[in-house]
Amino acid sequence: MAQGLYFLHHFPAVTNQKWLGAVICKPDKTLTPEFTTLFGSYLKHMHGVLKQRGWLDRTFIATMDEPYTYHTGDRAQDIPANNYEVVRNYVHFVREVAPGLRTFCTADPVEGLIGHIDHWCLRNLDHAAAAKERAEKHGEIVTFCDNYRSFIDYPAISARSFGWLAWQIGACGWLTFETLGSYRTAWEAPVLVYAQFNGATVWGMGQMFYPDPLSGVPLPSLRWELMREGCDDYEYLWLLQEALKAQPNAEAQQILDSAASQIVRGGGDAETMAQTQTQNATSNSTAHEMRGKIADWIEKLAP
């Protein structure tokens, strides 16, 4: 991500947003000359570094967070059409100054953004199949953001289920929007009292690590370790998929096709989904047993 510009603010707040003192956007939604000069210089330098080191295809520059919804109190102007126009102007500038640098947005593919975003971080998994199809056709990337699976009050396997959900919907990863939220006061208070669910207190949202009371260093995080287990689960699924390409087997294929549904059923988080009732596994033993079956088949199909 570009230093100092993680997300553009929503319109019209972006007209007051500054990068190293330069206002980013004008009221007509175009970028200011001061910003394009200053940020353009930085972007050209970073583009050169990334290209020289072979990292250009592994790097994404963020645009705007959830441009399809409200982030400001100005409901008359903070609307998708205005936000999409700001994003398009920004992306045009980025592609002109740093060709080959790919763009990222926490949004589903929609008219107004299509053709300008290279990495879609889905917020509504109802659109996952269409996003995957589009990504395969146009060389784009699909991930997703689910703010709920890592809550402390959920079963431990919930954090592990990210990997299974990614496999199920055809995503290549997921976004954890924050890991050190309210770090210094993590023991005393949650990151926030969330707007959803009648203002319920949210424990663990964006808050994966807690400080050691004596030293202040981050303590080990069970949820973080379980999320890593989900990454390993995804790799096992991928290995079986590759093995089946070389040596097809109906029984192993059936296991691969049905494995993720044993862990996650339904869609994403309750903030964005029409259907919020999901049926997820409640014990890590379910995932361990499924991984064991997959590992057995990987070995059986090995040349």
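**Figure 1. Surroundings of Cys121 in the predicted model.** Cys121 is buried, its relative accessible area being 0%. The structure is a predicted model. Cys105 also counts as buried, at 0% relative accessibility. The cysteine sulfur closest to that of Cys105 belongs to Cys121, and at 8.9 Å the two are too far apart for a bond. Cys121 takes part in no disulfide either; its nearest cysteine sulfur is that of Cys145, 5.2 Å away. A disulfide is counted when two cysteine sulfur atoms lie within 2.5 Å, and a search of the whole structure finds 0 of them.

**Figure 2. Cys145 in strand S6.** Strand S6 spans residues 141-145 and contains Cys145. Cys145 is buried, with a relative accessible area of 6%. The C-alpha atoms of Cys145 and Trp174 are 5.7 Å apart, although 29 residues separate the two in sequence.

**Figure 3. Phe144 and the largest nonpolar core.** The largest nonpolar core has 69 residues, and within this core Phe144 and Trp164 touch the most other members. Helix H2 (residues 80-97) contributes the most to this core, giving 8 residues. With neighbours within four places in sequence left aside, the contacts of Phe144 include Cys121, Leu122 and Leu125. Phe144 is likewise in contact with Phe162, Leu165, Ala166 and Ile169, and with Ala171, Gly173, Trp174 and Leu175. A second core, separate from this one, has 8 residues, among them Phe60, Phe104, Ile141 and Leu175. In soluble globular proteins, nonpolar side chains tend to be buried together.

**Figure 4. Packing of helix H4 against helix H8.** Two packed helices are described by the angle between their axes and the distance between the axes. For H4 (residues 157-169) and H8, the axes come within 9 Å and cross at roughly 35°. On the H4 side, the residues that meet H8 are Ile157, Arg160 and Trp164. Their counterparts in H8 are Asn284, Ala287, His288, Met290, Arg291 and Ile294. By type, the residues of this H4 and H8 contact divide into 5 nonpolar, 2 polar and 2 charged. An α-helix has 3.6 residues a turn, so residues three or four places apart point the same way.

**Figure 5. Asn284 in helix H8.** Helix H8 covers residues 284-301, and Asn284 is found in this helix. Asn284 is buried, its relative accessible area being 18%; this is because the value is under the 20% limit. The side chains of Asn284 and Arg160 make a polar contact at 3.2 Å. Not counting residues up to four places away in sequence, Asn284 touches Ala156, Ile157, Arg160 and Leu226.

**Figure 6. Helix H7, its cap and its cover.** At the N-terminal end of H7, Asn249 acts as a cap, with a side-chain oxygen 3.0 Å from the backbone nitrogen of Glu251. In H7 (residues 250-259), the residues Ala252, Ile255, Leu256, Ser258 and Ala259 are buried. The buried residues of H7 are covered by elements that include H4, helix H6 (222-246) and H8.

**Figure 7. Gly170 in the loop after H4.** The loop between H4 and strand S7 (174-175) contains Gly170. Gly170 is partly exposed, with 28% relative accessible area. Thr143 lies 27 residues from Gly170 along the chain, and the C-alpha atoms of the two are separated by 8.5 Å.

**Figure 8. Backbone geometry at Pro12, Lys29 and Ser182.** The peptide bond from Phe11 to Pro12 is cis, and its omega is near 5°. Pro12 is placed in the segment before strand S1 (18-19). Lys29 has a phi near 80°, a positive value in a residue other than glycine. Lys29 belongs to the loop between strand S2 (22-23) and helix H1 (33-52), and is buried, with a relative accessible area of 14%. Ser182, not a glycine, has a positive phi of about 45°. The loop that holds Ser182 lies between S7 and strand S8 (192-193). Ser182 is partly exposed, with 30% relative accessible area.

Definitions and conventions
Residues numbered from 1 in each chain as written. Predicted model: local features only at pLDDT ≥ 70, side-chain atom pairs only at ≥ 80, totals over all residues. Heavy atoms only, no water. Helix = DSSP H or I, 4+ residues; strand = E, 2+ residues; numbered from the N terminus. Buried < 20%, exposed > 50% of the residue type's maximum accessible area, 1.4 Å probe, protein only. Polar contact = N/O pair within 3.5 Å; in protein donor to acceptor, adjacent residues only side chain to side chain. Contact = heavy atoms within 4.5 Å. Core = buried A, V, L, I, M, F, W, Y, C linked by side-chain atoms within 4.5 Å. Axes fitted to C-alpha atoms, helices over the stretch in contact; angles between N-to-C directions. Nonpolar A, V, L, I, M, F, W, Y, C, P; charged D, E, K, R; others polar.
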